Amino acid sequence: MLAALPAAQQAARAADRPTPSGYPVPRYVTLKFGKVNARSGPGDDHRLLWVYRTRGLPVQVVAETAEWRRVCDPEGGLAWVHKRVTDGRRGVINTLNRPAPLLRKPKAGAEPAAFLNVRAMASLTRCEKGWCKVKTDGATGWVRQGTLWGTAEALQCR
């Protein structure tokens, strides 16, 4: 009977239901290995769609079963991966077509501490008040939430 409810009520009811892992969906995780099989469904018997070859790649979990996670990747791809290949640590990737400044302070106009190159990844430390603190190769800085892939709260793939 959920189909008759407005979208906001459906989302609220879905949020009330616990997930198999106990963690919220959507949420971000990273890939634990440099070779991760992406499947069309939750099981080894489902067709192999592609292989992720980037350890630490940030992905967004959009659905889950007890053993499998449906993930959205920075390219917009949706696939199922086994839970053992994911890591709860959060990461980000610069999907902009230019280097992203990592600011010294969480405010517009602050001086850049460093720049995150295009397609470069970084660790996400925390987000607060619309800003996210990231760390990469000894450099730490702030970016507006949503600037880098892996910082937006909204569902990234539909």
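Select strand 5, residues 68-72, in this predicted model. Strand 5 is mostly covered, with 4 of its 5 residues buried. Keep it selected, since the next stops are its two neighbours.

**Strand 4, on one side of strand 5**

Add residues 58-64, which make up strand 4. Strands 4 and 5 run antiparallel and are joined by 4 bridges. To see a facing pair of residues, pick Q60 and look across to C72 in strand 5. Then follow the chain from strand 4 to strand 5: a hairpin of 3 residues makes the connection.

**Strand 6, the next partner**

Now add residues 78-82, strand 6. Strand 6 also runs antiparallel to strand 5, and 5 bridges join the two. Which residue of strand 6 does R69 stand opposite? The residue is V81. Strand 5 and strand 6 form a hairpin too, with 5 residues between them. Within that turn, select G76, which has a positive phi of about 90 degrees.

**R84, in the loop after strand 6**

Continue along the chain to R84, which is found in the loop between strand 6 and strand 7 (86-87). Show its contacts and leave out residues up to four places away in sequence: R84 touches K32 and F33. Next, set a distance between the C-alpha atoms of R84 and E67. The two are 17 residues apart in sequence, and the distance in space is 8.1 Å.

**The second largest pocket**

Clear the selection and pick T30, R55, G56, R89, R90, G91, V92, M121, A122, S123, K135 and T136. These residues line the second largest pocket, which holds about 220 Å³ of space. Which elements give two or more residues to this lining? They are strand 8 (91-93), strand 11 (121-128) and strand 12 (131-136). Colour strand 11 separately, as it gives the most, with 3 residues. Colouring the lining by residue type gives 3 nonpolar, 5 polar and 4 charged residues.

**T125, in strand 11**

Stay on strand 11 and select T125, which lies in that strand. Is T125 buried, partly exposed or exposed? Its relative accessible area is 47%. Buried means under 20% and exposed means over 50%, so T125 counts as partly exposed.

Display the contacts of T125, again without residues up to four places away in sequence. T125 touches K133, V134 and K135. K135 is also one of the residues that line the second largest pocket. Another residue of that lining is R90. T125 and R90 are 35 residues apart in sequence, and their C-alpha atoms are 7.7 Å apart in space.

**The whole chain**

Zoom out and show the protein as a cartoon. How many helices and strands does the protein have? Its secondary structure comes to 1 helix and 13 strands. Reading along the sequence, the helix comes at the start of the pattern and the strands follow it.

Switch to a surface view. The accessible surface of the protein comes to about 9300 Å², and 50% of this belongs to carbon and sulfur atoms. Of the 158 residues, 36% count as buried.

To finish, show the contacts across the protein between residues with a separation of 6 or more. Residues 24 or more positions apart account for 52% of these contacts.

Key: Residues are numbered from 1 along each chain as its sequence is written. This is a predicted model: local features need pLDDT of at least 70, side-chain atom pairs count only at pLDDT 80 or more; totals for chains, interfaces and linings use all residues. Side-chain values use heavy atoms; hydrogens and water are left out. Buried means under 20% relative accessible area, exposed over 50%, partly exposed in between (1.4 Å probe, protein chains only). Contact means heavy atoms within 4.5 Å. Accessible areas come from the Shrake-Rupley method with a 1.4 Å probe; for residues, only the protein chains shown count as cover. On a 1 Å grid over the protein atoms alone, a cavity is a set of points where a 1.4 Å probe fits but cannot get out, and a pocket is an open set with protein on both sides within 12 Å along at least five of seven lines; lining residues have an atom within 4 Å of a point. Grid points are joined across faces, edges and corners, and a volume is the space filled by probe spheres set on the points. Ala, Val, Leu, Ile, Met, Phe, Trp, Tyr, Cys and Pro count as nonpolar, Asp, Glu, Lys and Arg as charged, and the others, Gly among them, as polar. Two strands pair if DSSP finds at least two bridges between them.
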